[in-house]
Amino acid sequence: MIKFLYKYIASIVLLITVLLGSLNIEILGKQISYYINLQLILIYLFKITNPNLNFGKGFYLFLISVVNDTLNGLFFGTSAILYFIVFAVAAFQSSIKLRSIFLSEWISFGASLILAYLVFFGLIKLSGEDVILSSISINFVLTLIGYPVFWFLIVNIFLKNVNR
């Protein structure tokens with residue numbers, strides 16, 4: 001049972017965060033997803049810490065994105081594009097690294113976020129909805145700042161005993 005959990009911890013945690021992110025849990029009158037995008041952090045971190053992870057050749061990421069789009073009222077495929085951008089950058093970063101250097105991983109994560117949020121901005125603009133730059137900016141900054149916290153938790157607590 002424990003071996004199963006270690007093997008699928010990334011998928012299980014990602015599904016739980018998508019489901020919890022869709023709940024109406026508010027901080028200062030806004031949903032948690034307004035402040036931070038945990039799914040992007042988790043996708044990047046799990047891929048960096050386990051270079052062999054492929055989320056079922058991307059099929060699981062797509063299913064999770066459909067669930068996220070449905071629960072949060074986004075156009076189908078919006079989350080999938082963002083997830084795959086972050087996953088692709090993490091896959092590239094994990095393939096070129098010789099050892100784990102936190103700062104280079106964090107900078108790479110920031111680059112993937114910039115690319116993902118630019119695409120997200122473009123998709124919102126193309127859909128004709130109003131674009132609120134302040135909410136996208138707040139989410140970007142807090143997601144980037146939240147990366148070290150979740151990196152510490154995942155690397156030192158969850159994955160400490162996992163054979164890589």
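The following paragraphs lead through a predicted model of one chain, from its overall layout to its core and its surface.

Residues are numbered from 1 along each chain as its sequence is written, and because the model is predicted, local features need pLDDT of at least 70 and side-chain atom pairs count only at pLDDT 80 or more, while totals for chains, interfaces and linings use all residues. Side-chain values use heavy atoms, with hydrogens and water left out.

The secondary structure comes to eight helices and two strands, where helices (H or I, at least four residues) and strands (E, at least two) are DSSP runs numbered from the N terminus. Along the sequence these elements follow the pattern α-α-β-β-α-α-α-α-α-α. Among the contacts in the chain with a separation of 6 or more, 72% are made by residues 24 or more positions apart, a contact being heavy atoms within 4.5 Å. The chain has 164 residues, of which 38% are buried; buried means under 20% relative accessible area, exposed over 50%, and partly exposed in between, with a 1.4 Å probe and protein chains only. The accessible surface of the chain is about 9,600 Å², and 71% of this surface belongs to carbon and sulfur atoms; such areas come from the Shrake-Rupley method with a 1.4 Å probe, and for residues only the protein chains shown count as cover.

The interior can be followed through the largest nonpolar core, which has 32 residues; a nonpolar core is a set of buried Ala, Val, Leu, Ile, Met, Phe, Trp, Tyr and Cys residues joined through side-chain atoms within 4.5 Å. Within this core, L14, L40, I43, Y44, F55, L61 and Y147 touch the most other members. At least two core residues are supplied by each of helix 2 (9-21), helix 4 (38-49), helix 5, helix 6 (78-96), helix 7 (102-127) and helix 8 (133-158), and the largest share, eight residues, comes from helix 4.

Two of these core residues show how the parts meet. L40 lies in helix 4 and is buried, with a relative accessible area of 1%. Not counting residues up to four places away in sequence, L40 touches L82, Y83, V86, F109, L113 and Y117. The C-alpha atoms of L40 and Y83 are separated by 6.4 Å, although these residues are 43 residues apart along the chain. L14, with the same exclusion of residues up to four places away in sequence, touches Q39, L42, I43, F55, L61 and I64.

Helix 6 has 19 residues and reaches 28 Å from its first C-alpha to its last, close to the 27 Å expected at 1.5 Å a residue, the expected span being 1.5 Å times one less than the number of residues. Its buried residues include L82, Y83, V86 and Q93. Helix 7, with 26 residues, reaches 37 Å between its first and last C-alpha, close to the 38 Å expected, and its buried residues include F109, L113 and Y117. S108 is also found in helix 7 and counts as buried because its relative accessibility is 10%; leaving aside neighbours within four places in sequence, S108 is in contact with Y44, V89 and Q93. G128, whose phi is positive, near 90°, follows helix 7.

On the surface, F59, F62, L63 and F84 make a nonpolar patch of about 380 Å². Patches are made of residues with over 30% relative accessible area and no salt bridge (a side-chain nitrogen of Lys or Arg within 4 Å of a carboxyl oxygen of Asp or Glu), with like charges joined within 9 Å and nonpolar side chains (Val, Leu, Ile, Met, Phe, Trp, Tyr) within 5 Å. Helix 5 (residues 59-72) gives the largest share of the patch, three residues. L63 is found in helix 5 and counts as partly exposed because its relative accessibility is 39%.
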